[in-house]
Amino acid sequence: MNMASVQLRRESSMQESPRSPEAKLGMQVEDLWDVQEPQLSPNEKLNACFESIPVSAFPLAPQGIEIKSDASLAEAVQILAQNKILSAPVVNVDAPEDATWIDRYIGIVEFAGIAVWILLQSEPPSPRSPSSPSGADFAVVANGMTSAAVLGILGPEDASATSGYFFEALTSSDFYKNTKVCDISGSFRWAPFLALQKSNSFLTMLLLLSKYKMKSVPVLDLGDGKIDNIITQSAVIHMLAECTGLHWFESWGTKKLSEIGLPTMSPKQIIMVHEDEPVLQAFKLMWKKRIGGIPVVERGGKKTIDLSQRRTS
């Protein structure tokens, strides 16, 4: 495809629908794609394009959404729900004004982490888990390590624990209202978190999201020691969706999933929960596997719904 036809196609796409900030970033990739060395493979060209774009070019997320370390879990959940986000950075209220970012923030609190912590604190004794998990046990879970007592498989006999008015009673309890965000800092996966500088590349950001199964990556302004932006998986996917019709995207975006080298898994490897299992089991699996949703299936194998962190937040 020559440059004239690429330009014509681009202008036609621009006229058909207004371009979002994410789509403009895709246009920047398009410009870089057109000048890459012809001997490069499509994957090499795409990596080279992403390596040339700093993360500072990514559209800014809503600013100022932070949670203070002395906020209660109830306040934290309310902030996440009101802003329709699944996580937020936690600011150390005891840090001095001139603190560096590593002292200013104690981590990122996630809705799933709060949910698992709350459920574990009220988990009744079970034949498969005779003792209630401690806060230390939860810290083990949250930091990605396996604990048989905490990550044990719950069965249908535990389902009654999350039925009826369980959640209503749970969220009205004193420990939900009085426990501070800093009290569950053991649930924060990073201390305080993996972050990017504004000069880091788009490619580095994508590698962090994929390799470490991160749902968001903070971008730091080292000058004032604060978070300048937070790039989420959802925002990246939205950017890609806005790039439909651009040459660089069409070169691989129209391929079948089986053609782009994605890993395959057997049916036994698919992560799921059965409809008669307790909600706690679903959250445990989402937290342990670092996933944002999980299919709920009948015992016969038929899927009923998808349970996601966003749907439950």
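Both Phe50 and Trp248 are buried, and they make a good starting point for a walk through this predicted model. Their rings sit with centres 6.0 Å apart and planes at 85°, so the contact counts as edge-to-face. Phe50 belongs to helix α3 (residues 42-51) and Trp248 to helix α13, so this pair ties together parts that are 198 residues apart in sequence.

Trp248 has a second partner to look at. The rings of Trp248 and Phe249 have centres 5.9 Å apart and planes at 90°, so they too are edge-to-face. Trp248 and Phe249 are both buried. Here are the two pairs side by side:

| Ring pair | Centre distance | Plane angle |
|---|---|---|
| Phe50 and Trp248 | 6.0 Å | 85° |
| Trp248 and Phe249 | 5.9 Å | 90° |

How many aromatic pairs does a search of the whole structure find? The search finds four. Ring pairs link Phe50, Phe58, Phe202, Trp248 and Phe249 into a cluster.

**The nonpolar cores**

In soluble globular proteins, nonpolar side chains tend to be buried together. The largest nonpolar core in this model has 31 residues, and those that touch the most other members are Ile67, Leu73, Val109, Ile114, Val181 and Phe283. Two or more residues each come from α4 (73-82), β2 (87-91), α6 (111-121), α14 (279-289) and β8 (293-297). Which element gives the most to this core? That is α6, with nine residues. Apart from this core lies another, of 27 residues, and its members include Leu46, Leu196, Phe202 and Trp248. Two of those names, Phe202 and Trp248, also appear in the ring cluster.

**Helix α2**

Helix α2 covers residues 21-34, which makes 14 residues. From its first C-alpha to its last it reaches 20 Å, close to the 20 Å expected at 1.5 Å a residue. Its buried residues are Glu22, Ala23, Leu25, Gly26, Met27, Val29, Glu30 and Trp33. If you are viewing the helix on screen, note that Glu22 and Glu30 are on that buried list together with nonpolar residues such as Leu25 and Val29.

**A nonpolar patch on the surface**

Let us finish on the outside. Met265, Ile270 and Met272 form a nonpolar patch on the surface, and together they have about 270 Å² of accessible area. Met272 lies in the loop between α13 (247-253) and β7 (273-274). Is Met272 buried or partly exposed? Its relative accessible area is 32%, so Met272 is partly exposed.

Definitions and conventions. Residues numbered from 1 in each chain as written. Predicted model: local features only at pLDDT ≥ 70, side-chain atom pairs only at ≥ 80, totals over all residues. Heavy atoms only, no water. Patch = residues over 30% accessible without salt bridge, like charges linked within 9 Å, V, L, I, M, F, W, Y side chains within 5 Å. Areas by Shrake-Rupley, 256 points an atom, 1.4 Å probe, with all protein chains shown as cover. Salt bridge = Lys/Arg side-chain N within 4 Å of Asp/Glu carboxyl O. Helix = DSSP H or I, 4+ residues; strand = E, 2+ residues; numbered from the N terminus. Buried < 20%, exposed > 50% of the residue type's maximum accessible area, 1.4 Å probe, protein only. Phe/Tyr/Trp six-rings, centres within 6.5 Å; stacked < 30°, edge-to-face > 60°. Expected span 1.5 Å × (residues − 1). Core = buried A, V, L, I, M, F, W, Y, C linked by side-chain atoms within 4.5 Å.
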